[in-house]
Structures are given as C-alpha cells and as structure tokens.
Amino acid sequence: MEVVILAAGKGARMFSKYPKVLNTIGGKPMLQRVIETASSVNANRIHIVIGFRAEEVKERVSGVGIEQNINWVIQEEQLGTGHAVQQAVFSIDCEDDKNTVLILYGDVPLIQTRTLNRLLELTGESCLSLITLTTANNDGLGRVIRDESNQVSAVVEQKDASSEQQKITEVNSGIMALPAKRLPGWLARLDNANKQAEYYLTDIIALAVQDGCKINALNIGDENEVQGVNDKTQLARLERHLQMINISKLLEQGVTLRDPERVDVRGELTCGQDVEIDVNVIFEGSVKIGNNVSIGANVIIKDSTIGDGSEILANSNIDGSEIGLNAAIGPFARIRPGTVLHNQVKIGNFVETKNAIIGEGSKANHLAYIGDAEIGENCNIGAGTIFCNYDGANKNKSILGNNVFIGSNSVLIAPVNLADNAFVAAGSAINNDVPSDNLAVARSKQRTIAGWKRPTKKH
Ligand code: UD1
Ligand code: CA
C-alpha cells in the first residue's frame, strides 16, 4: 500500500500568504497530523504532493522522525486534485496487482487510523473505496451520486451539480483507496471540462464504474473526522473539537478544570492525581504534571515538568523547565528554558529565570533576573537582583553556594562565585568572588549633608 497526501494548494479561502496545510490544530500543522496517521497504517511509501511554497511546507514538517518513507512530489501549477495525483503516479508501483493507493488530503487533519484500516479492507483489484458522510452541512463539498440500486456511480462537485444534485446530503470526504494498477489509466482519462477548469480526482469514480469496478462507500458518522479545512471558521471549529476531546480525557482521569472550555492542550499533557487547573490555561508541547498541583488562571506551560505539590500562581509562563516538589511559582513569574528548580523553591512575581539551577528551599520572591546561574540551597535572592550574565558578547555564569543572601537591588556581574553563607549588602554591584561567611558591600558610601538647600524655581 502506498499513500498519496495532497498538499499543494494555496488555500485561497484562508486569505493568508502562508500555505494552508501548515495551519496548526492542537499545536501541530495539519499536514503533520495527516503524515503521522498515514505512517500508522503501514504504508510502504508516503508521497506528499506539494506546490504552493513547497520548500516551506517541506521544512516545517521534516524532522518528525518519519522522513525515510516520504517521497516529496512537486506540483508546479495547481491544476486540481486529479492533476496532483498525476504528478505522484510516476513514483508509485502500478505494476503490482496487489498494490493499493490510499489518497489523503492535507486539509482533512483529523482522519483516524482505524477508519483508514476499515477503508483499506473495502478495497480490491476491482473495488475502489471512498469515505463519505451524510450531513446537512454539505456546502462546498462534492455530492455522492447513487444509481437506482443505490450503488455509488459518481461524485459531482458542488459547482457542477444540478439543483437536484445539490440537495444530496451524502458528500465526498476526498479520502479514497484504489487498486494501483488501474490508477494511471483513470488519471490519463481526466479532463478539465468543468466549472472550475480543474482536473478533478473525483471524476475517477465515474470512470471506475464505467470500467466495471465496484465503489464501496464507507459512510462514517463523525463529521469532524472528515471535516476539510478551507477557511478560518472550519479551522477554529476543528480546533475546538480537538480541544474538547483532550479536555474530556483529562476530566475522565479526575483532573479538576474550573471551566473545561477555557483550557487548551496543544500537545501532550499528563496529570497526576488531584490536579486543579483554573481558567485560560494553555499547555504546549510535552507537559508532565505530578500529584496535588494547582495551576492558576492565565498560566502558559510549555515542554516542562511540574513536581508533586507545587503551586503555579496566576499569569505565570513556564517554558522548557523542570520544577521540583512543593515549589511555589508566581504570580507573574517567567520561567525560561534551562531552568531547574529543586524542591520547595519559591519564585515570586516579576522574576525571570533562564538557564538557572536553583537549589532546594531557595527563594527569589520579587522582581529579579536570574540567568546562567547555579544557586545552592536556602539562598535568598533579594528584590531587584540582576544576574548580569551577558557582557555584550558572551554569556557568563554566576555560582552561589548554600545559604547565600543577596540584598535587594544588587547586581552580580558574571563570572562570579559566592561561597556558602556569603552575604551581599543591598545595592551592591558584585564583580569579585565572595568567600564563605563574608559580607560584601559594593556601593558608594552614603554622605549626609546637613543644612542642604533644595533648588528653587527660577522666575
Ligand atoms: C475536495 C473534493 C470534494 C470533497 C472535498 C472534501 C475534488 C475535486 N473535490 O474539494 O469532492 O468533498 O475535497 O474536503 O477533489 N490540492 C493539490 N493540488 C491541487 C488542488 C488541490 O494538492 O491542484 C490539495 C489541496 O492542497 C488540499 C486538497 O488537495 O489539501 C483538496 O483541495 P481543495 O481545493 O481543498 O478541494 P475541495 O474544494 O475542498
Ligand atoms: Ca478542501
């Protein structure tokens, strides 16, 4: 079996300069979803027809780990779905009597593996199978025409359909499977004598019937599974549908969601027991949450792990980080990639961390930037502390031992080492190492001038 995925179109109805199939659903480009599903049905090869901004499409969905099976086919001019398959047919083994070709559309992203397997079972040397759907929302879709004995005899595009045919509620999903041996002949007979002057792949249904082939329609019940995305309304609708699937799974597992309609999972989320999630929370990429974790409103967490008992307060943003047990983060904290927070760490409001390892029980409660740092246990980073990790050319590291105290509004000019129990006076600029148990004061001495007169306004 070989798969052809059609993804060359511009997607004019999206009114965008970017290729339609790169729009994401649940955080993943639609085309990538289709490729992953295609590779799950045991295809020998996956031919992907690209055309509009082809390089961009290829680049975006490459590196998902299945490239060895992929054959990229260029359709220079997009003259229709039939023309697209014509570009791929030269790479398909059409000699083998047993070979089947499965056609998928890059803009029908939620098709399921089990449905495709059912479709493939209905395909044979003289049988073509087609997924259809019966829906009142038939606008824009190809109508499935059946003869007196209820056999499928053709698919007619809406623009070419008579007013009687337009009333038909059984529509074409676009997804079909057919015997490879017959494909080149059928494709050669397509023409573009229709309203859109395109070579329609759907015209091969009638050609197959002429040749005595049986058409097996697999009429499926779930509209969303075969929903094509042609405009932003359909994109938004499918996104909501996928989100409700993700959210239902979380609820079934016992996660408390304050409002299931205001949580988005754009990737893979796993949650332990007694997890509470407030409104407007977004999870991206791969996120793992332990037991007894609470996540406040407006939090965004991407590619991170949160340990048991931790509390993420409202409006925090966590990306590419590991957070230990019983940590308290936020509100308004920004935890950037490379942050590792050990157990019981507290990161308060308007604190930003990046590439920072922070030891057990350490705290940075207010307004700080902690970049390229290694901080020991039970340290206190005062309000307004800045780790100056960048000298304009290179990044440097600050290393703090255990029980280090940094007074408010200090700057640590890296590279710098502060040993255990070092104490930095508020307002210091530290650019030399501080040995263990020492106090470092690095600020100009206060002068207090008696009898000083304030300036007065000049007339
Ligand atoms: C197509 C079907 C229609 C079906 C509907 C289901 C045809 C002629 N019509 O219509 O019967 O009900 O899908 O969603 O097939 N593409 C190319 N090259 C081209 C043209 C299109 O690769 O020259 C790709 C597009 O990128 C897209 C897919 O084929 O991924 C479908 O094309 P689209 O223009 O969206 O077809 P529909 O009008 O939706
Ligand atoms: Ca479409």
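**Pockets and the ligand site**

The largest pocket holds about 1,400 Å³ of space. The structure is a predicted model. In total, 47 residues line the largest pocket. Arg 13, Lys 20, Asp 107, Gly 140 and Asn 230 lie nearest its centre. By class, the lining comprises 21 polar, 15 nonpolar and 11 charged residues. Four elements each supply at least two of the lining residues: strand E1, helix H3, strand E10 and helix H8 (232-252). Strand E10 contributes the most to this lining, with 4 residues.

Ligand 1 sits in this largest pocket. Three elements give two or more residues to the shell around the ligand, namely strand E1 (2-7), helix H3 (81-89) and strand E10 (170-179). E1, H3 and E10 also each supply at least two residues of the pocket lining. The shell around ligand 1 counts 23 residues. Of these, Gln 75, Gly 80, Thr 81, Glu 157 and Asn 172 come nearest to the ligand. Sorted by class, the shell has 11 polar, 8 nonpolar and 4 charged residues.

Polar side chains approach the ligand at several points. In the side chain of Gln 75, an N or O atom is 2.7 Å from a nitrogen atom of ligand 1. For Glu 157, a polar side-chain atom lies 2.7 Å from an oxygen atom of the ligand. The side chain of Asp 107 has an N or O atom 3.1 Å from an oxygen atom of ligand 1. Gln 75 and Glu 157 are among the residues that come nearest to the ligand, and Asp 107 is one of the residues nearest the centre of the largest pocket. Taken alone, ligand 1 exposes 760 Å². The protein buries 90% of that area.

The second largest pocket contains about 720 Å³ of space. Its lining is made of 30 residues. Arg 33, Leu 242, Asn 246, Lys 249 and Glu 268 are the closest to its centre. Five elements give two or more residues to this lining: strand E3 (28-29), helix H1 (30-40), helix H4 (113-121), helix H8 and strand E13 (263-271). Helix H8 therefore appears in the lists for both pockets, with at least two residues in the lining of the largest pocket and two or more in that of the second largest. By class, the lining of the second largest pocket has 12 polar, 9 nonpolar and 9 charged residues.

Terms used. Residues numbered from 1 in each chain as written. Chains lettered and ligands numbered in written order. Predicted model: local features only at pLDDT ≥ 70, side-chain atom pairs only at ≥ 80, totals over all residues. Heavy atoms only, no water. Near = heavy atom within 4 Å. Polar contact = N/O pair within 3.5 Å; in protein donor to acceptor, adjacent residues only side chain to side chain. Areas by Shrake-Rupley, 256 points an atom, 1.4 Å probe, with all protein chains shown as cover. 1 Å grid on protein atoms, 1.4 Å probe; cavity = no way out; pocket = protein on both sides within 12 Å on 5 of 7 lines; lining within 4 Å. Sits in = over half its atoms within 2 Å of the grid points. Nonpolar A, V, L, I, M, F, W, Y, C, P; charged D, E, K, R; others polar. Points joined across faces, edges and corners; volume = space filled by probe spheres on them.
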